[in-house]
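Biologist: Could you take a close look at one part of this model for me? Pick a spot, walk me through what sits around it, and then step back to the rest of the chain.

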Amino acid sequence: MKTKKLLDEAKRLAAPFCVRNGKKFRLKDFDPKDTQGVKSKSHAEKLLEESSAAASEMQERLYAQDQWSLLLIFQGMDAAGKDGAIKHVMSGVNPQGCDVFSFKTPTSEELDHDFLWRCHKVVPERGKIGIFNRSYYEEVLVVRVHPTVLEGEKLPDKLITKHIWDERFEDINSFERYLTRNGVMIRKFFLHISKEEQRQRFLSRLDDSKKNWKFSMADIKERGFWKDYKEAYEEMVQRSATEHAPWYVVPADNKWFARLIVGAAVVEALSELDLKWPDVDKKKKKELDGIREALEEEKK
């Protein structure tokens, strides 16, 4: 597929799931089983392959230009497919130009800093793509669903008020605005899975010895807070979806479709940066001519 046609198709696929203003967002309006009429898994995989190839080529220009960076944030319930989406969508990208970070339970060192610290220190440098598998959004998700987690964050008592969630969203939005103003493009993906599909995937993990390591009783316990998490995810999108850092609410019951939408959004994001190969000045051209001359002399 030609580049322009691919970009047009990427925009068409990603647009229905992109939220840039969260005020009217309602999670019930997004069906986790949605495939937007894309019936064929094989067709979706072919499109994803072409998207990955395009992303790879644009990532090389991103690296060479050395001005912008791209931060991709993935959030979702357990078994929503975050690892798989990252693996498949970024399969063609040069590993030297891409870093992936997974954020689990904070360490004692991380708890001695502000909640943005552990993510801020690994924000991608210019020319690179950074991927966060979970992120600082855990502070308005799991911490909100489980208030006891907040008690362990060493905050002074007088700072833990009824306004703390408003303050955290304010801090997150300011942080993302700051990054954007410094050349970091941000795209965020909420992989929206149904409770029944999660149950089926958990059962599949139990049946596959190679996936048993991914499973723990804590995963089952978290299912008991499903309603609380859905409310937290809804408010997360409502209060942090912006023009410069939009959320993609990705239907995740069909892994192949979720990966297609993520791939399309990544290609669209990179295309917006108008990436170009750096111009070579006269001094550099003279140096290259000298290199060519030296190499050609070796043949004689």
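Modeller: Let's go to Arg223, which sits in helix H10, a stretch covering residues 217-223. Keep in mind as we go that this is a predicted model. Arg223 is a buried residue, and yet it has no salt bridge. So who carries the opposite charge nearby? The nearest such side chain belongs to Glu196, and it is 5.8 Å away. A salt bridge would need a side-chain nitrogen within 4 Å of a carboxyl oxygen, so this pair doesn't make the cut. What Arg223 does have is a backbone partner: a polar atom of its side chain lies 3.0 Å from the backbone oxygen of Lys195. Lys195 also turns up in the contact list of Arg223, together with Gln198, Arg199 and Phe202, once neighbours within four places in sequence are left aside.

Now for some other buried spots. Ser51 belongs to helix H2, which covers residues 41-65. With a relative accessible area of 5%, Ser51 counts as buried, because the limit for that label is under 20%. Its contacts, again leaving out neighbours within four places in sequence, are Leu6, Gly263 and Val267. Gly84 is in helix H3, residues 82-89. Gly84 has 16% relative accessibility, so this glycine goes down as buried too. If you want a sense of distance, try the C-alpha atoms of Gly84 and Glu298: they are 49 Å apart, with the two positions 214 residues apart along the chain.

For something on the surface, go to Ile291 in helix H13, which runs over residues 282-297. Ile291 is partly exposed, because its relative accessibility comes to 42%. Together with Val280, Leu288 and Leu295, Ile291 makes a nonpolar surface patch of about 330 Å².

Stepping back, the protein has 13 helices and six strands. Its C-alpha trace spans about 75 × 50 × 40 Å along the principal axes. Of the 300 residues, 47% are buried. Take the contacts between residues at least 6 apart in sequence, and you'll find that 82% of them link residues at least 24 apart. As for the outside, the protein exposes about 16,700 Å², with 51% of that supplied by carbon and sulfur atoms.

Technical notes
Residues are numbered from 1 along each chain as its sequence is written. This is a predicted model: local features need pLDDT of at least 70, side-chain atom pairs count only at pLDDT 80 or more; totals for chains, interfaces and linings use all residues. Side-chain values use heavy atoms; hydrogens and water are left out. Patches are made of residues with over 30% relative accessible area and no salt bridge: like charges are joined within 9 Å, nonpolar side chains (Val, Leu, Ile, Met, Phe, Trp, Tyr) within 5 Å. Accessible areas come from the Shrake-Rupley method with a 1.4 Å probe; for residues, only the protein chains shown count as cover. Helices (H or I, at least four residues) and strands (E, at least two) are DSSP runs, numbered from the N terminus. Buried means under 20% relative accessible area, exposed over 50%, partly exposed in between (1.4 Å probe, protein chains only). Lys and Arg count as positive and Asp and Glu as negative; His and the chain ends are not counted. A polar contact is a pair of N or O atoms within 3.5 Å; within protein, one must be able to donate a hydrogen and the other to accept it, and residues adjacent in sequence count only if both atoms are side-chain atoms. Contact means heavy atoms within 4.5 Å.
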